Amino acid sequence: MTEVLRARPQVTGLAPRGILTPGDRVRWMGSPYTVSALTGTTVHLAPAEGSAAPPVTVVIQFLTAVEDFAVLDEAGLPLLADPLPNWSMLEGVSSDCAREARIWRRHVIEVDTGLLPGVPDGSRPREGYDPDRFTLVERYQRKAAELSAVLDWKVSWKTVQRKRLAFKEDDIWGLVDKRRTRPTTMHGRTDTRVVDLLLALHERQAREKAATDARTLFKDLRRAAAAVKESAVKVPADPTLYALLKRLGIDAMQLRDPTRRRQDRLNRPAPPFGVTTATAPGELVQIDSTALDVKVLGDDGQPTHVELTAAIDVHTRSIIAAVLRPKTPSRRRTRQQTRALLSSGTSVGRATKAVDASLLLALCMTPASMRPGFDPAASAARSDLPYEELLEVDARMEHAAARPVIMPETIVIDHGTVFAGQTFFDACSYLGISVRPARKRTPTDKAIVERSFASIKSLFSQHVNSYTGRDISRRGKETAPDRLWTLQELDDLLQEWIPVGWQTRPHEKLRSPYEPNLPPLTPNQMYAASVQAAGYLPIPLGFADYLQLLPTAWVGVGDEGIRFKNRTYDNYKGELEEVRNTPSGLKGKKKDGWELRYNPYTPEQVWLRDHRSGEWITAVFKHQHLIGAPWTQHLWETATAEHVARGGRHGDDDAIAEVLADLLERAGRGPDEPGVVRVPDGYGPVPADGSGLGSTLYGFGPVQAGEGAFDPFADAAALDLDALGPLTVLELDEPSLYTSPAPAVETSGLPPGDDSDDGAASAVPLAELGDLDDGLDAAARFLLDLPAETDPPLEP
C-alpha cells in the first residue's frame, strides 16, 4: 500500500469518482477482473488476462463491500479518492456565505493541485498553476491577481495562503467566513445601558399616552445618556437606533399612536412569564369568540362572515365545544327601517349571542354525535379515547364522535357582550360552574384559547374555498358565490375536522411528566390518560335543562296570545287559558309578567313557565303556516325592514310573515348580484376537468370558476360565409418599409437603448445579428462554473 501511495499520491478533490462501466478493470477477492457487462445491479466480471480466477457474477453491493475492492488504472494501480466534503457544515450559515465557501474551494484546489475540480482526465494545468514549474507563493500571487481582476474581490496572496491552509485543516468549514457565524444578541453590539434607557423612555411615554416620534425618542435618549455620571454612555447613530427599535419589537411608525397598541404592551404581565396549567380535565376551560375568516352563504342568500365561539380545555388542549354563527355587518338604513329594527329590540349587526355561549356549555357536557357523511375515522370507537369504558358508563357514546365529554369546573371569559350578559352567568350558576373573568385588555389571561384560534385558522380556515385571510392584504382570487358553503355545511365540516384534524394532532405541550423525552401526545391521548384518574360522570340534560339555558323575557298574555318581538304566539290546546289576562304576581322588574324562554335561531315557538305549577307551556307563532320553513330572528328583522320600506307598519306580523316567505324563496334561488368573495392565491377555483390539485380535506377547494368572463365578440353579428367574395391582393404604397432598411436616425445625445422622438430606428438585417453576450468573459464564466445553490453540489 505504501508503494501505491507513492505512485498515486492522494490529492484532495482531484481523484475521479464515478460508476462502473463495461471495460473497467477492478480488483476483487485478491484477483484482477474486467467488467464484461452490467445487468441492473448485477455486475459480470471476467478474469483478467493471465489470471486463473473463474468468471464471477455478483451484486454490486457485495462487490464494493469486499475490503480489497478497488478500481485499477492502466498500470494496475488502485485509483484513490478522498472522502466527500462535509457539505452539511454549510447548512448552518447563510446562502451567500455557503456560496462563497464553494467558490473558494475551487480556487484553493487549483492552487494546491494545478487543476480545477471536474476537469476531464488528461487536462493540463493553466498557465501559472503547474506545481512542477511554479512555487506555492507564485501560485498564491497568480490566484490573488486573478480573483481581484475577474471577480473584483480585492484579496491578497496571503489571504489565498490562509484559505488553503484552513482548507487543509478543516476542509470546507475552514473556508467559511467565521465573522458571519458569530452568535448575536437581541440588541447587537449596542451598549446594554443604551437599551435599558431606550426601553424606559418608551414605556414612560406610553404610560403618559404622549404622542411622539422616533427622532424625539432618540433626542431624549441622548439627553438621558449624557446625564449618566458613572461613565460615558455612547449612543449609536440614528440608523443603528432604528434597527435597535426593530429588534426590540417597537414599530417606529406606530410611536405616534397614543393608546391602544402601547396599552397592549404595558398590560402584559411582568416577566418571568408563567404557564397556565391544570391537573385534570375540566379544571380550567377557556372560552372566547373570533372571526373564522371564512365567508358562507347566509340565510338571506347573501355572502356573510362567520364567527366561531369555542371552549378549550387547558389540561388536554381539546376543543370540547364549538359553535358557528353568521355575522351580518351593519348597513346604512332609512329612518323607517331603523325604527322597525329598533322596535324589535335588535342591534345594527349580529353575530354570536349570549344564548350561543349558554348552549356552548351544554355541548361541552354531551357527546358530539356522528353526523351523516362523517368519515368513519371521526368515530369515538376508532379513536384513542377509552371507548369501551365510557360506553359502559354512558350509553350516548355508542354513536359519538371522537371528542371528549368534559364538565367544566372553572371557565375563563373576557368582557365581551356575549359573556357579560346575565344569561351566561345564569346558565353557569344553574350548571354549577365557576366563572373567572379575565382582566380587561389582557388577552394573556386566556392565551391558550387565543393561540388555539390562530391554529384553527391555519389548519382549517385557510383550506376552505371561501377563505378571506385575516386582513385585506392577504386576500386574492375570487370565488363564485354559488359555490359558497352554507352555514350548516361549514359547521358539518368543522365538527368533522375537530375529531379528525385537531384531536388526533400531537401537541408539543402535552407530554408525560415522568418521561418528557417521549413523543408528544394528542388531545385524545391526553384525555384517555387523565380520565383514568379523574373519572367520568355522565350528565344527562333534559328538556327543562335546555330551557334553563335560553334567554329570559317577561311578558303578559292577552286575548290574542303572547305579544313578543312584534309577533303573536298562542297555544291551540288551550293551555294558556289559566294565565290569559292574569298577572303573575311577580313584582320588581318582572312587573307582573310571566317568565318566557326563547331561542332567536328558532323563533317559531316560545316557552312560557307557570311558576305556580312549574309547568312549561309551548306557544307557536300564529302565522307560521304562511312561512312554512325554518327561519331566524335576523330574517324577521330583514323582512320587517323591507315591509316598512314599502309603507307598512312594523306591527303587521301577518304581512311581514308573507314578506319573510318571499325572502326565503328568493334565498333558495341564490343571490341576484352577490358580488364576489376574495380568497388567497392557491385556494381558488380548480380546472373543471379535475386536473388541478385541490385540497382533499373533506371536499375543500374544488370549486367551479366564476361567471362573467369578458367576450369581445359577444355582440357581433354572425358571419355569413356565402356573402364573402374573393380576397383581393394587398397593395403596398411604401414597399421600402418591407424590402429595405429604414434610414438611420441620428441618436447622438440619447441614452443607450432610447429611441428618437419620431420613433424611427435603424434596421439591422436578421442575418447580421449574433448571439447576445451576457457581459462576462470566458475567464469569469470558467471561474464561476458552480452548481445552483438549491441543487446538491456536483463532484468529479
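This is a short tutorial dialogue on reading features of a predicted model.

Q: Where do I start: how many helices and strands are there in the protein chain?
A: Start with the overall inventory. The chain has 23 helices and 18 strands. Of its 796 residues, 39% count as buried.

Q: And what share of contacts in the protein chain joins residues at least 24 apart?
A: Take the contacts between residues at least 6 apart in sequence: 64% of them join residues at least 24 apart.

Q: Say I'm looking at two packed helices. What describes them?
A: In general you want two quantities, the angle between the axes and the distance between them. Here, try H3 (residues 95-113) against H4 (residues 136-151): their axes come within 9 Å and cross at roughly 145 degrees. The crossing is right-handed.

Q: Which residues of H3 and H4 make that contact?
A: On the H3 side you'll find Ile103, Trp104, His107, Glu110, Val111 and Asp112. H4 brings Leu136, Arg139, Tyr140, Lys143, Leu147 and Leu151. Sorted by character, the contact residues come out as 7 nonpolar, 1 polar and 4 charged.

Q: Now the interior. Which residues touch the most other members of the largest nonpolar core?
A: That core has 40 residues, and the ones to click on are Ile287, Ala311, Leu361, Ile411, Phe424 and Tyr527.

Q: Which helices and strands each supply at least two residues of this core?
A: It's a mixed group. The strands are E6 (285-297), E8 (319-327) and E9 (410-413). The helices are H11 (354-364), H12 (387-393), H14 (422-431) and H17 (523-534). H11 gives the largest share, 7 residues.

Q: Why does this core lie between domain 4 and domain 5?
A: Because both domains give residues to it. Domain 4 is assembled from several segments (289-331 + 370-409 + 439-468 + 480-534), while domain 5 is 544-669.

Q: Let's zoom in on one member. What does Tyr527 touch, not counting residues up to four places away in sequence?
A: Tyr527 touches Pro281, Thr316, Leu385, Leu390, Pro404, Val405, Ile406 and Tyr536, with those sequence neighbours left out. And don't stop at one core: apart from the largest one lies another, of 28 residues, with Leu308, Ile312, Leu324 and Ile456 among them.

Q: Strand E8 came up in the core. Is Ala321 of E8 buried or exposed?
A: Ala321, which is found in E8, is buried, with a relative accessible area of 1%. Leaving out residues up to four places away in sequence, it touches Thr309, Ala310, Ala311, Leu360, Leu363, Cys364 and Arg403. For a sense of the fold, Ala321 and Met365 are 44 residues apart in sequence, yet 8.9 Å apart in space, C-alpha to C-alpha.

Q: And how does Lys327 look?
A: Lys327 also sits in strand E8. Its relative accessible area is 37%, so it is partly exposed. Between the C-alpha atoms of Lys327 and Leu308, 19 residues apart along the chain, the separation is 10.0 Å.

Q: What should I make of a positive phi?
A: Most residues other than glycine have a negative phi. Two exceptions to look up here are Met29, with phi near 55 degrees, and Asp592, with phi near 60 degrees.

Q: Where is the place of Met29, and where is that of Asp592?
A: Met29 belongs to the loop between strand E1 (25-28) and strand E2 (31-39). Asp592 is in the loop between strand E14 (567-570) and strand E15 (594-597). At 54% relative accessibility, Met29 counts as exposed, whereas Asp592, at 25%, counts as partly exposed.

Q: Can we do one more pair, starting with what Leu626 touches?
A: Sure. Leu626 lies in helix H19 (residues 624-627) and touches Asp654, Ala657, Glu658 and Ala661, residues up to four places away not counted. Leu626 and Glu658 are 32 residues apart in sequence, with 6.2 Å between their C-alpha atoms. Leu626 is partly exposed at 31% relative accessibility.

Q: And which residues does His44 touch?
A: With residues up to four places away in sequence not counted, His44 touches Thr34, Val35, Ser36, Ala37, Leu38, Thr39, Val56 and Thr57. His44 is in strand E3 (residues 42-47) and is partly exposed at 24% relative accessibility.

How values were computed: Residues are numbered from 1 along each chain as its sequence is written. This is a predicted model: local features need pLDDT of at least 70, side-chain atom pairs count only at pLDDT 80 or more; totals for chains, interfaces and linings use all residues. Side-chain values use heavy atoms; hydrogens and water are left out. Axes are lines fitted to C-alpha atoms, for helices over the stretch in contact, and angles run from 0 to 180 degrees between N-to-C directions. Helices (H or I, at least four residues) and strands (E, at least two) are DSSP runs, numbered from the N terminus. A crossing is left-handed if the near helix is turned anticlockwise from the far one by less than a right angle, and right-handed if clockwise. Contact means heavy atoms within 4.5 Å. Ala, Val, Leu, Ile, Met, Phe, Trp, Tyr, Cys and Pro count as nonpolar, Asp, Glu, Lys and Arg as charged, and the others, Gly among them, as polar. A nonpolar core is a set of buried Ala, Val, Leu, Ile, Met, Phe, Trp, Tyr and Cys residues joined through side-chain atoms within 4.5 Å. Buried means under 20% relative accessible area, exposed over 50%, partly exposed in between (1.4 Å probe, protein chains only). Domain bounds come from an automatic or database domain assignment.
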